[in-house]
Amino acid sequence: MVLTLLLTGCAAQQKSSGGGAAAPGVTATTIKIGGVLTKTSASGYSTKDAEVGAKARFERANAAGGVHGRKIEFLGAEDDGQDAAKGDAAAKKLVQKDQVFALVPVHAPNFGGAAFLEQQGVPWFGWATGPQWCGTKTGFGYNGCLAPKQGAGSQTWWGRQMAELLGGADGKAVYVQTSDSSGSKYGGTTISQSFTAAGFKLVGVNSGLPAAAPPPDWLPYVNKIMTSNGGQAPDIVVSVIAGTKFNVGLYSALKRAGYRGVLTDATSYDAAILKDKASAQALEGVIAAPMFEPFESSAPEIAQFKQDVEKVAPGATPTQHMAIGYWAADIFLDMLTKAGKDLTREKFLATGNGSYLYENAGFGRIEYPKDHSEPNGCGALVKLENGAFQVAKSMKCFDNVPLK
């Protein structure tokens with residue numbers, strides 16, 4: 001009798017994925033998912049809101065009956081503490097102990113679980129900010145690969161959006177400030193090329209800023225910037241630094257030195273900034289470059305995003321990390337739908353890596369396998385003006401150019 005029960009249980013498990021071999025984390029009615037985020041870190045940087053965004057999107061899918069009759073069982077996200085080893089351990093826990101089908105969202109700058117997930121053939125979705133996302137078959141960044149290798153496609157959208165906003169790039173000089181972290185340096189290379197591809201003149205790239213903590217004295221960095229354009233200040237300063245404290249320090253020092261040009265970065269679109277008077281003042285006039293349609297947009301997809309978030313986190317203010325978790329989950333659900341009811345990881349990955357295309361006004365477009373090696377080429381601009389964020393340029397996609 002015991003043997004009969006065991007055999008019956010095994011057969012039920014095999015059938016739960018729609019036939020064939022059983023898919024880990026998949027039953028006839030559920031699909032188990034978990035994520036890895038940098039919820040805490042020594043610098044205060046946190047991506048914890050991505051968990052809210054993913055949950056909001058999964059809850060809407062569940063309310064509509066799930067995908068092919070299966071609802072998403074979302075376990076929430078592990079915290080890697082911005083430590084690569086902890087991220088690797090978190091990925092192994094989710095796969096080996098919790099038996100998840102896929103990792104969604106993964107939003108951790110120093111994520112260390114990529115090699116393990118690739119080896120195990122486990123799909124993972126999130127913000128592909130580092131080289132660990134690129135060249136894989138299992139890692140699906142909602143915006144593609146942001147660290148392309150030389151010769152692969154590199155984004156031009158930031159520079160081209162800025163050129164359109166400023167009425168052209170001719171005669172305008174750009175200076176790029178990064179930290180000494182590998183990710184920041186690489187970002188400095190790709191973003192510099194984005195601006196030169198749009199016609200701007202690059203007058204300097206400084207990667208000497210320590211990533212561990214803001215410097216006690218910003219003057220050496222400010223002096224380099226203020227004299228970089230033939231002894232004059234550049235027209236645009238691009239900050240490729242993760243963390244509001246860094247940007248507040250740099251921008252405040254530049255303004256004290258009399259800088260009157262354009263300041264732009266990828267991280268200052270954050271409602272929390274407005275709650276701190278000093279931060280809001282330092283970032284007044286800054287143009288942020290999110291890789292999703294701004295929350296102030298009238299696009300129906302953004303209205304749906306807000307509605308979904310309100311249901312799981314009443315009164316919560318939308319954040320960039322929330323949007324990243326939401327759109328990563330949205331792409332996963334679309335890929336899951338296209339993979340069909342007879343679900344295995346192998347079939348899911350074959351779907352994602354087989355001429356996959358998904359377009360959505362919320363994040364632009366994504367194409368795989370192409371975007372395993374290059375970014376999706378899409379982004380928007382938001383300006384902080386009179387203490388409020390305003391859409392400067394709505395989401396738009398541009399062709400990439402080979403990275404030099």
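**Sheets and helix packing in the predicted model**

In strand β9, isoleucine 236 stands opposite valine 262 of β10. This pair belongs to a model that is predicted, and the two strands concerned, β9 (residues 236-240) and β10 (residues 262-265), run parallel and are joined by 4 bridges. Both are members of an open sheet of 7 strands, whose order is β8-β7-β9-β10-β11-β14-β15 and whose pairing is mixed. At the edges of this sheet are β8 (201-209) and β15 (388-397), each of which pairs on one side only. Helix α5 (residues 157-165) lies across β9, β10, β11 (287-288), β14 (378-385) and β15, and its direction runs at about 50° to that of β14.

An open sheet of 5 strands is also formed, with parallel pairing and the order β2-β1-β3-β4-β5. Its edge positions are taken by β2 (71-79) and β5 (139-141), each of which has a single partner strand, so that one side of each is left without a neighbour in the sheet. From one strand to the next, the twist averages 25°. Within this sheet, β3 (residues 102-107) and β4 (residues 124-126) run parallel and are joined by 2 bridges, with valine 106 standing opposite glycine 126 in β4. Helix α2 (residues 49-63) packs on the sheet, where it touches β1 (30-37), β2 and β3, and the direction of α2 makes about 175° with that of β2.

Helix α2 also packs against helix α10 (residues 300-312), at an angle of about 100° and with the two axes 8 Å apart; the two helices are therefore roughly perpendicular to each other, given that angles of 65 to 115 degrees are counted in this class. The contact brings Val52, Lys55, Ala56, Glu59 and Arg60 of α2 together with Gln304, Asp308, Val309 and Val312 of α10, and by class it has 4 nonpolar, 1 polar and 4 charged residues.

Helix α10 has a further contact, with helix α11 (residues 320-339), in which the axes come within 12 Å and cross at roughly 100°, an angle that makes α10 roughly perpendicular to α11. On the α10 side, Glu301, Ile302, Gln304, Phe305, Asp308 and Val309 take part, and these meet Met322, Ala323, Tyr326 and Trp327 in α11. The residues of this contact divide into 7 nonpolar, 1 polar and 2 charged. Gln304, Asp308 and Val309 of α10 thus appear both in the contact with α2 and in the contact with α11.

Key. Residues numbered from 1 in each chain as written. Predicted model: local features only at pLDDT ≥ 70, side-chain atom pairs only at ≥ 80, totals over all residues. Heavy atoms only, no water. Pairing = 2+ DSSP bridges. Axes fitted to C-alpha atoms, helices over the stretch in contact; angles between N-to-C directions. Contact = heavy atoms within 4.5 Å. Parallel < 35°, antiparallel > 145°, perpendicular 65-115°, else oblique. Nonpolar A, V, L, I, M, F, W, Y, C, P; charged D, E, K, R; others polar.
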